[in-house]
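Reader: I would like to learn how to read a metal site in a structure file, and how to place a residue of interest relative to such a site. Could we work through an example together?

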Amino acid sequence: MFIDSHCHINFPELAARLPEIFSKMAENRVTHALCVCVDMPDFPQVLALAEQYPNVYASVGVHPDYEDTPEPDVDELVRLSEHPKIVGIGETGLDYYRLEGDLEWQRNRFRTHIRASRATGKPLIIHTRSASEDTIRLMREEGAGTDAGGAGGVMHCFTESLQVAEAAMEMGFYISFSGIVTFKNAKDLQEVARAVPLERMLIETDSPYLAPVPYRGKMNEPGLVSHVGQFLADLNGVPVEEVARQTTENFFRLFKISG
Ligand SMILES: [Zn+2]
Ligand SMILES: [Zn+2]
């Protein structure tokens, strides 16, 4: 069995075809999915999915790419994450690729999420793009990692260097690979995926984006995470069952869910 550790099935293109999405998951032995919140106005919908479907979990947080959106404070994140199906804080982090200019607000937002994670013990779901140095720095400064009494978390849709992966793993973080790792031009990332121990690895779709090979360019969905798992198994020369079992265990351990 596989778990999609990061998807956005509340986005309209996926929310409109949930029955199909759940049957595809069943067909591909994808047993659970974590529906990740990207802004506060979407949170009620994200939570509703987690309440409606036993195998869907959810998070609370505001994505670094959302500029003109209500800004949560620590108390609000703490309060909303008290629900038993809210298992993580995010997605949060830094993105200097999509946005330019003075991004101090982005760093402040990230700090708020880390503080909420420390306060609740719920792990962080971290997005980082063209900002790995500051991301790691803020994680250290705010004590995000289990090494500093934080809840740790996951570096989602990982596309950075092995150095960045190692810095995150030293803080107790997991590394999550998406369909990007299956792309032909992702040789460097594939090298990173060979070096990250299975015990620290999660898999995800980040659907509706980034469908894995052989579906590249099509709409992604949680059921396709099995293709990421199969690719990582082939890459590491281990049976796919081993990747499935280990990434599933990692997911339940990180998000403190008793499987
Ligand atoms: Zn992301
Ligand atoms: Zn995402």
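Author: Let us begin with the metals, bearing in mind that this is a predicted model. The zinc ion (ligand 2) and the zinc ion (ligand 1) are 3.5 Å apart, and Glu 91 coordinates both of them.

Reader: Which residues are the protein donors of the zinc ion (ligand 2)?

Author: They are His 6 and His 8, each through NE2, together with Glu 91 through OE and Asp 206 through OD, at 2.1 to 2.5 Å from the ion. Along the sequence these donor residues follow the spacing H-x1-H-x82-E-x114-D. Distant parts of the chain are linked in this way, since His 8 sits in the loop between β1 (2–7) and α1 (12–15), while Asp 206, 198 residues apart from it, sits in the loop between β8 (201–203) and α9 (225–236).

Reader: Are His 8 and Asp 206 buried or exposed?

Author: Buried means under 20% relative accessible area, so His 8, at 2%, counts as buried, and Asp 206, at 9%, counts as buried too.

Reader: Why is the site of the zinc ion (ligand 2) called irregular?

Author: Four donors count as tetrahedral if all angles lie between 85 and 135 degrees, and because the angles among the 4 donor atoms here run from 86 to 173 degrees, the site does not fit that class.

Reader: Where does Val 36 lie, and what is it in contact with?

Author: Val 36 lies in the loop between β2 (30–35) and α3 (43–52), and it is buried, with a relative accessible area of 0%. Beyond its neighbours within four places in sequence, its contacts include His 6, His 8 and Glu 91.

Key:
Residues numbered from 1 in each chain as written. Chains lettered and ligands numbered in written order. Predicted model: local features only at pLDDT ≥ 70, side-chain atom pairs only at ≥ 80, totals over all residues. Heavy atoms only, no water. Helix = DSSP H or I, 4+ residues; strand = E, 2+ residues; numbered from the N terminus. Buried < 20%, exposed > 50% of the residue type's maximum accessible area, 1.4 Å probe, protein only. Contact = heavy atoms within 4.5 Å. Donors = N, O, S within 2.8 Å, 3.2 Å for Na, K, Ca; no water. Tetrahedral: all angles 85-135°; square planar, octahedral: opposite > 155°, others 65-115°.
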